[in-house]
2 protein chains.
Amino acid sequence: MDIAAEIAKRAQETEQRILPYLPREEGYQRTVIAAMNYSFRAGGKRLRPMLMWETYRMFGGKSDIIEPFMAAIEMIHTYSLIHDDLPAMDNDTYRRGQKTTHIVYGEAMAILAGDGLLNYAYETAIGALSKEPGNPNVGKALMVLAQQAGIYGMVGGQTVDVETDGTSEVTREQLDFIYRLKTGALIRAAMQIGGILAGATKKEQEVLDRAAEKIGLAFQIQDDILDVTATTETLGKPAGSDARNGKATYVTYEGLERAAADVEQYSHEAVTLLSSLVVKNEFLMKLIEHLIHREK
Amino acid sequence: MDIAAEIAKRAQETEQRILPYLPREEGYQRTVIAAMNYSFRAGGKRLRPMLMWETYRMFGGKSDIIEPFMAAIEMIHTYSLIHDDLPAMDNDTYRRGQKTTHIVYGEAMAILAGDGLLNYAYETAIGALSKEPGNPNVGKALMVLAQQAGIYGMVGGQTVDVETDGTSEVTREQLDFIYRLKTGALIRAAMQIGGILAGATKKEQEVLDRAAEKIGLAFQIQDDILDVTATTETLGKPAGSDARNGKATYVTYEGLERAAADVEQYSHEAVTLLSSLVVKNEFLMKLIEHLIHREK
């Protein structure tokens with residue numbers, strides 16, 4: 001099987017693991033649940049839960065304690081997309097080839113669906129505490145999730161992104177901050193949690209975290225490159241939107257060629273770091289290599 | 001000291017307990033933190049953390065493990081107000097006599113400030129796990145917080161409120177659902193968490209929960225009454241807004257007189273339930289009586 005097919009297969013397996021954690025569309029509040037699930041089911045690469053699972057597996061993790069965390073991180077990722085797409089934010093009509101949540105359910109319901117998903121992510125992950133009450137790593141994993149999702153993580157990155165949006169005046173320093181946090185934080189959370197729950201040592205966790213940081217950077221820069229080079233059809237969302245919005249990106253600062261070289265460099269560094277560990281996961285290595293050559 | 005002065009004093013003490021949990025306004029993301037803190041500091045009755053503290057004290061709670069939960073529930077309450085006030089929701093310009101968050105910081109930042117507060121609430125409460133790692137009640141309290149704040153609690157109530165808003169077609173059943181969840185869920189969470197963390201028995205927790213439900217109903221109906229009878233100046237927000245928005249409330253259905261009688265009835269039932277417990281808290285009783293005669 002080639003790697004693209006293998007990734008597609010594992011993305012599907014990841015979906016099978018996380019979809020059962022979605023709430024049922026029933027009760028007086030079923031509209032908000034439908035809006036949450038619409039966005040969650042819209043697909044995507046399931047990259048964060050997949051990275052979490054592969055890291056967990058790499059360190060010999062064997063329990064299903066990881067599953068609520070896999071679902072939770074994808075819920076947090078999804079809520080951030082719903083709120084990002086709102087008229088007051090990026091005002092996007094399409095995402096992954098489907099109409100965005102506020103287009104289908106209205107703006108008020110999209111705000112609530114985002115709030116509902118963020119909260120349900122915690123409801124789901126906190127549920128893991130009672131599954132293994134004696135396991136202190138569950139509490140640690142919860143803390144990592146909260147820290148990387150919040151103001152010192154993803155929300156922090158979104159803040160600077162919003163403040164500098166629509167202007168080309170974002171400084172290189174601000175751009176680094178946005179990249180490290182807006183996309184990077186949840187990727188770090190995914191791999192950290194995988195390691196923590198599988199019992200990785202402090203030292204191993206540090207290596208994982210440095211690798212995750214580089215994967216996040218490579219992933220985000222590749223996103224900018226695709227915005228310039230890919231077609232709207234391939235992306236499932238409007239290509240060239242950064243340029244149209246006058247938004248400065250890594251590509252604006254460094255040019256396409258240098259950006260592509262940096263993606264290679266970061267992912268090479270990530271692979272080298274992971275190779276330095278005693279434990280191995282061949283698929284994870286190939287996944288990282290593949291991510292930087294992706295076309296959407 | 002009369003009860004109003006006593007409540008004001010304890011509200012201030014509650015503030016002193018929770019304000020230190022706010023994040024510092026620093027770093028690239030300081031704008032979102034400033035917006036979060038602006039809303040949080042805007043005041044209010046601090047009813048939820050106060051109820052939590054008084055319930056905790058009633059059951060003999062003596063550790064500071066309760067504090068992060070007091071801060072967290074007020075953060076969740078505050079985030080819900082920020083998002084409720086947004087143009088796509090209630091579109092309010094004033095709250096507690098101050099400009100709402102989106103008026104001061106813009107709509108995008110207000111959305112992020114709400115997201116940031118909700119997430120920081122969990123970051124703060126999850127921090128309690130490492131304070132008392134061997135205490136299983138901390139995990140239980142976390143679960144109650146998540147359940148009452150989310151789609152089966154407050155967000156669920158907001159959903160039906162949004163769906164029926166601007167129409168007078170809300171049914172009496174839907175109205176009950178909104179009342180039980182939109183305001184009621186966090187009041188229940190406050191008292192449940194106070195009891196759980198202080199080691200109340202299962203039976204005591206049940207009594208607490210029934211009392212809290214009635215307090216929540218009394219509180220919400222009194223809110224509707226004040227919207228009809230109070231002045232904008234006293235309320236710190238526009239009075240008469242329900243009628244102007246053609247919004248059906250408990251008062252629309254039952255009339256002012258019956259509504260006022262029901263407030264008395266519910267709060268009487270709450271006091272009776274609490275009186276049936278072995279443990280006592282005189283102030284809590286007076287607080288409940290006072291809430292239903294409040295003028296703002």
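Let's start with one pair in chain B. B:R258 forms a salt bridge with B:D262, and the closest N and O atoms are 3.1 Å apart. Keep in mind that this is a predicted model. Why are these two about one helical turn apart? Because B:R258 and B:D262 sit four residues apart in helix α13 of chain B, residues 250-275. In general, an α-helix has 3.6 residues a turn, so residues three or four places apart point the same way. The two ends differ in burial. B:R258 is partly exposed, at 45% relative accessible area. B:D262 is at 10%, so B:D262 counts as buried.

Now chain A. A:R57 bridges to A:E54, with 2.9 Å between the closest N and O atoms. Both lie in helix α3 of chain A, three residues apart, about one turn. A:E54 is buried, at 1% relative accessible area. A:R57 is partly exposed, at 37%.

Next, a bridge between helices. A:E254 pairs with A:R172, and here the closest N and O atoms are 2.2 Å apart. This one links distant parts of the chain: A:E254 is in α13 of chain A, A:R172 is in α9, and 82 residues separate them. Both count as partly exposed, A:E254 at 23% relative accessibility and A:R172 at 26%. The pair belongs to a network of salt bridges that links A:R172, A:D176, A:E254, A:R258 and A:D262. Over all chains, the search finds 36 salt bridges.

So how many salt bridges cross the interface of chain A and chain B? Zero, by the rule used here. There are, however, 12 residue pairs in polar contact between the two chains. On the chain A side, α2, α4, α6, α7, α8 and α9 each supply at least two residues. The largest share comes from α6(A), with 15 residues. By class, that side has 28 nonpolar, 13 polar and six charged residues. Each chain puts 47 residues into the contact. Together they bury about 4200 Å², 72% of it on carbon and sulfur atoms.

One residue to look at here is A:Q158, in helix α8 of chain A. A:Q158 is buried, at 3% relative accessibility. Its contacts include A:S80, A:D84 and A:K182, and across the interface, B:L112.

Last, helix α1 of chain A. It runs over residues 3-18 and reaches 22 Å from first C-alpha to last, close to the 22 Å expected. Its buried residues include A:E6, A:R10 and A:E15. Among the elements covering the buried residues are α2, α3, α4 and α14 of chain A.

Technical notes:
Residues numbered from 1 in each chain as written. Chains lettered and ligands numbered in written order. Predicted model: local features only at pLDDT ≥ 70, side-chain atom pairs only at ≥ 80, totals over all residues. Heavy atoms only, no water. Expected span 1.5 Å × (residues − 1). Buried < 20%, exposed > 50% of the residue type's maximum accessible area, 1.4 Å probe, protein only. Contact = heavy atoms within 4.5 Å. Buried area = accessible area lost by both parts, 1.4 Å probe. Salt bridge = Lys/Arg side-chain N within 4 Å of Asp/Glu carboxyl O. Polar contact = N/O pair within 3.5 Å; in protein donor to acceptor, adjacent residues only side chain to side chain. Nonpolar A, V, L, I, M, F, W, Y, C, P; charged D, E, K, R; others polar.
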